[in-house]
Every structure is written in C-alpha cells, then in structure tokens.
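User: I would like to go through the terms used for this model and see what supports each one. Please start with handedness.
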Amino acid sequence: MMLDGLYQEIILDHYKNPHGRGLRDPFDGEAHHVNPTCGDEITVRVKSDLTDISYDGLGCSISQASASVLHELVQGKTSAEASEIHHAFVELMQGRGQVEPDEEVLGDGIAFAGVARFPARVKCALLPWMAFKDAAARAGVEVGVSPEVKA
Amino acid sequence: MSFDVEQVRKDFPIFQREVNGHPLVYLDSANTSQKPVQVLDVMRAHQERYNGNVSRSVHTLGTESTEAYEGARARIATFIGAASPDEVVFTKNSTEALNLVAHSAGQHLRLGPGDEIVISEMEHHSNIVPWQLLCERTGATLRWFGITDSGFLDESNLDDLINERTKIVSLVHMSNVLGTINDVSRIAARAKTVGALLVLDCSQSVPHLPIDVRELGADLIAFTGHKMLGPTGIGVLWGRFDLLEQLPPFLGGGSMIETVTMTGTTYAAPPARFEAGTPPITEAIGLGAAVDYLTGLGMAAIHEHEQAITSYALDALTSVPGVRIFGPASPVGRGGTVSFGVEGVHPHDVGQILDALGVEVRVGHHCARPVCARFGVPAMTRASFYLYTTTDEIDALARGLDQVKKVFG
C-alpha cells in the first residue's frame, strides 16, 4: 500500500508512545499553534538553554509523532545545533520527497521523508516545529527558518 | 419510474477513474458534488458557440447569452417554488449570499445596540462570521440556539431566544456535519410573531430535498451550485420580492444601476440590484442544466434513494466496533451526511488510510468548529452521499475502517 511511506513504524511508535509529552515548568517561552483547516493544536514550552522542551496537543499521528521526535532531537542541544536540526527538518518537509535526509542530523526524523510526498500532511508534520520556533524566540533563542506558508 | 443508480452513475464521467489503484468511492458530496456530462456539455457548448456578455449587448451573441442566463434563473426559480425569477439573485456561493443579507438587511433594519440576531451552534462558519461582523459594525447582540445530545436544535428556550428585540434569525436548514434536517416551523412562526426576518442556509438541503420556498416559512434562503451537480462560482440568494425590493445594494458597479451621475446613483430593481459586475454567466447556465437534470430524475426520488443509502450506512457504521456517530442515529429527521469518530484514531489518519483505498471522505472541523466543540472533539470524519451513491460504496467505507483499525490497532 502507498501508505507505507507515510505511516512508518517509527512514526506510529512515537504516536503511540510519545516522548516528553506534557507541559512542564519552569519555561521561558511558550507558543500555541493551530492548524485552522483541521483544528489540530499544539502548545510548546521552551527553556532558554533548551534543557527542557515540553509540549501538549491534539492532533493526528503525524503532528503528534513529529512533536515527540522534535522533543527527542532538540532537547539538550545548543541553539546552533537546534537551528541546524530545525533547518534540516523543514527542508526535508518542503522537499516534495526529493530531499535525502541525513540521519546524523535528523535521527528518527528521517521517518518523515515519506510525509513530504503528501502535500496535505506536510503542515501536520511542521506544526510542532513552527510552534517550537516561536516558543524559542520568546525565550530569546533564535532557531530555524521561516518556511513559506501554504494555506 | 424507478430510480436506477447504476444508470445515473453513467452520466458522471469521473466514476470511470481510479484513485490510488482502486475504483473511486466518492463520499464527499456535502463538500462538493460531482458533475454529470449533461452539465459539462451545456457549459462547453455555451463557451464554444454563444459566449457574449449579458444584459448589455445588442448583438446576437450577447442576446443569446442573456437568454441562456435568464433562462437558468427562471428554471432555478421554478425548482424552488419562487413566485418569479426576479426573486432569484445569482451570487458567487452561499457564503456571498449570506454576506449580502448581513450587509443589506443589516443596513435596511438600521441595526444598533439592543437589537439581537439569532443563529445556532449548528451553523457552518459562513452563517456565523458574517453575523459576528455585522454585530461588530452595529453593536447588535448575537445569540444562538444550542444542539441537543442527539444532534437536533435545542428549541427549549425558543421564546426567550427569539423575542421583540430579535431582528434577524439565520439558521442552517440541514447541518453539513450532523446531517440533521431542521424542522423550522416553530421557529418561523415565532420569528413572524416578533417581526424578525428568517434566513435559511439551504446549502445542504436544496441539493437533496424537494424544497418549496412558499412552504418553508423563510424570508430569504441561500444555496450554492457546486453542491447540486453544478459548477463552482455560482450560488443563489432567494428572497421574497417585496423584501428584496426594500434592501439596499451590497456591491456597487456595473449592471446594478438605474442611472449614474457624478453626484449620485439610483439602483436597478432586484435581482439586478444585487448582481454588480459581469456575473459568472457560464456557471449560471451550468447550474440551470444541473437543475434540469435533478428535475428530470425528481427530487422526491433522489431523496428516497439517499434515505435508503443513509439507513444502510448508519447500520454499517454502527456495526464497526469503536465507531461513534455524531448526530441523529436513525434516518428520521436527517439527510445523507454522516459524521463519525473512530476510537483512538485521529480523523486525518482515518481519511488518509481511506484515501489510499480510493475512498474519499472529508476530515477536520468541516467549517463548523462549534459543532465539533459541542461534541467534545477537535475534528470528525464525514461521509456524505448523493444520488449516485451505492451500497457497494458504503461497504467499501466499512472495509476501509477495518483497515484503519488494523494500522492503528
């Protein structure tokens, strides 16, 4: 089935057993993002030294697994490392399936390579990453690039 | 003449295609309907042979185009039981029709603080936001009916909600999420008693039910072409002529004027008053052809077919463990739009797996977020049926849901 590319075991694992889920204190920046077309929501909290990234949300397997992977990949990294990871993930998601992901940088995030071939689901995968970027900015940490926003 | 769904399907070229290697199972007609070849042919023929601008040309093409455009208006008027074609205003869609009413009726009624507008929790966003905007502009107050647990309008506070301060009541006739068909007779009577206008959003009812505006009790109704076998870009506002005649224009421009000087303008009579600019001519003609097609089959026969499909679907869905149906549980008082949840699986994922099997459903909040909130979910999966839907397609949906549960089990 074509869906093998979308629903990788890694994604389903993160969905069923999310890492680091739940909002925690203390934090320095928080952002709440919604996907207005489907109603998915996520709140991300960030400590300015990135020692804690916590989140909670409602949404599909792709958006929730993406949040779990984000937590796993970025928590405890330097802002430069976080920026590199963020950039790589956004590039992968916007690559329409043409970008070869680097497992060294993206870890479990490479499982999302297949999602990039489903344009309707790219924004699901990006939702936590965009919320993270805003939350980080509010904590005084600049990470990531602004992807072109598609309705 | 009995209704033959297999014969009907032959008129729809799209059913020849496959989706992801499976025969197309189109269960998203509440979103937009598919188009029969009879509609497509009329639109193509118009563009190829008769294209000219309407209502302004003395030449042959312009005259023929105008006749076709006005002919479509007349057939739509007959289709809904309007007193005359002049009661049929062409708009872009239902949304534009409702915005037109909010602007023009709001101005006509000189709404201000202390006045009230009543809607319901069951509305599509297009019947919420224009009224919120009108209230922001005028200081009027927005109030609303709730929804009962079984998915019907909660009329328990009808007399309080619609009172002497109420100026406009605007309600959905058939819910695009729950499928509920609202019996508005009590509300219409109450609105009449207090002198409020009753507007009905008939986007989901006119395509599926026999509708006669003389019996509906509404002053104005809105519906859209693309949900009733017509093209996108064309919708209808029907209004009682004596009311339309009193309403000021919405958009200004060509075609809607009587005379223009540099210091002022007088306006054309309805419906032209509300049709500024070159209208979607081919689309209006296409909608006329759609109405001919529906009339040929008979709306009563179409409705009967959809009731049978809905009954079959409700049975099929309730027999899938973990599926919860939102809205009326039996075919009584509802149409062929069924929203449901699959326990533990987000609707996006349900829709994605169904799509891989060629089954096209809608997922999300269906532009009616308050309905989802009322039932405590962020989103729903919706299967919606039409005259071309078969029981085989419902079986494909049920098999798809088994697959969904396998992937996420």
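Analyst: A crossing is left-handed if the near helix is turned anticlockwise from the far one by less than a right angle, and right-handed if clockwise. The model is predicted. In chain B, helix 3 and helix 10 form a left-handed crossing.

User: Why are helix 3 of chain B and helix 10 of chain B called oblique to each other?

Analyst: Their axes, from residues 60-80 and residues 281-297 of chain B, cross at roughly 40°. Angles under 35 degrees would count as roughly parallel and those from 65 to 115 as roughly perpendicular. The crossing angle of roughly 40° belongs to neither class, so helix 3 of chain B and helix 10 of chain B are oblique. The axes come within 8 Å.

User: Which residues make the contact between helix 3 and helix 10 of chain B, and what is its make-up by class?

Analyst: Helix 3 of chain B brings B:Ser65, B:Ala68, B:Tyr69, B:Gly71, B:Ala72, B:Arg75, B:Ile76 and B:Phe79. From helix 10 of chain B come B:Ile281, B:Ala284, B:Ile285, B:Leu287, B:Gly288, B:Val291, B:Asp292 and B:Thr295. By class, that contact has 10 nonpolar, four polar and two charged residues.

User: What makes helix 12 and helix 14 of chain B oblique?

Analyst: Helix 12 (residues 347-356) and helix 14 (residues 391-408) of chain B cross at roughly 120°, with axes that come within 9 Å. The range for roughly perpendicular ends at 115 degrees, and roughly antiparallel needs over 145. The crossing angle of roughly 120° fits neither, so helix 12 of chain B and helix 14 of chain B are oblique. Their crossing is right-handed.

User: Which residues of helix 12 and helix 14 of chain B meet?

Analyst: B:Asp349, B:Val350, B:Ile353 and B:Leu354 of helix 12 meet B:Gly400, B:Gln403, B:Val404, B:Val407 and B:Phe408 of helix 14 in chain B. The contact of helix 12 with helix 14 of chain B divides into six nonpolar, two polar and one charged residue.

User: How do you know how compact chain B is?

Analyst: Chain B has 14 helices and 18 strands. The radius of gyration of chain B is 22 Å, and the globule rule gives 22 Å for 409 residues, so chain B is as compact as a globular protein of that length. The C-alpha trace of chain B spans about 70 × 55 × 35 Å along its principal axes.

User: And what does the same test say of chain A?

Analyst: Chain A has five helices and three strands, in the pattern α-β-β-β-α-α-α-α along the sequence. For 151 residues the globule rule gives 15 Å; the radius of gyration of chain A is 14 Å, close to that value, so chain A is as compact as a globular protein of that length. Along its principal axes the C-alpha trace of chain A spans about 45 × 30 × 30 Å.

User: Where do the domain names come from?

Analyst: Both come from UniProt, from unreviewed entries. UniProt lists "domain: Aminotransferase class V" at residues 25-397 of chain B; over that range the chain is 38% helix and 19% strand, with the end C-alpha atoms 8 Å apart. For residues 7-124 of chain A, UniProt gives "domain: NIF system FeS cluster assembly NifU N-terminal". Residues 7-124 of chain A are 40% helix and 15% strand, and the end C-alpha atoms are 13 Å apart.

User: How many residues does each chain give to the contact between chain A and chain B?

Analyst: The contact takes 15 residues from chain A and 15 residues from chain B. On the side of chain A, nine are nonpolar, four polar and two charged.

User: What is the omega value of the peptide bond from A:Asp25 to A:Pro26, and of that from B:Pro270 to B:Pro271?

Analyst: Omega is near -5° for the bond from A:Asp25 to A:Pro26, which is cis. A:Pro26 is in the loop between helix 1 and strand 1 of chain A. The bond from B:Pro270 to B:Pro271 is also cis, with omega near 0°, and B:Pro271 is in the loop between strand 13 and helix 10 of chain B.

Note on methods
Residues numbered from 1 in each chain as written. Chains lettered and ligands numbered in written order. Predicted model: local features only at pLDDT ≥ 70, side-chain atom pairs only at ≥ 80, totals over all residues. Contact = placed C-beta atoms within 7 Å. Nonpolar A, V, L, I, M, F, W, Y, C, P; charged D, E, K, R; others polar. Axes fitted to C-alpha atoms, helices over the stretch in contact; angles between N-to-C directions. Helix = DSSP H or I, 4+ residues; strand = E, 2+ residues; numbered from the N terminus. UniProt positions renumbered as here; feature names shortened; annotations may be inferred. Rg over C-alpha atoms; globule rule 2.2 N^0.38 Å.
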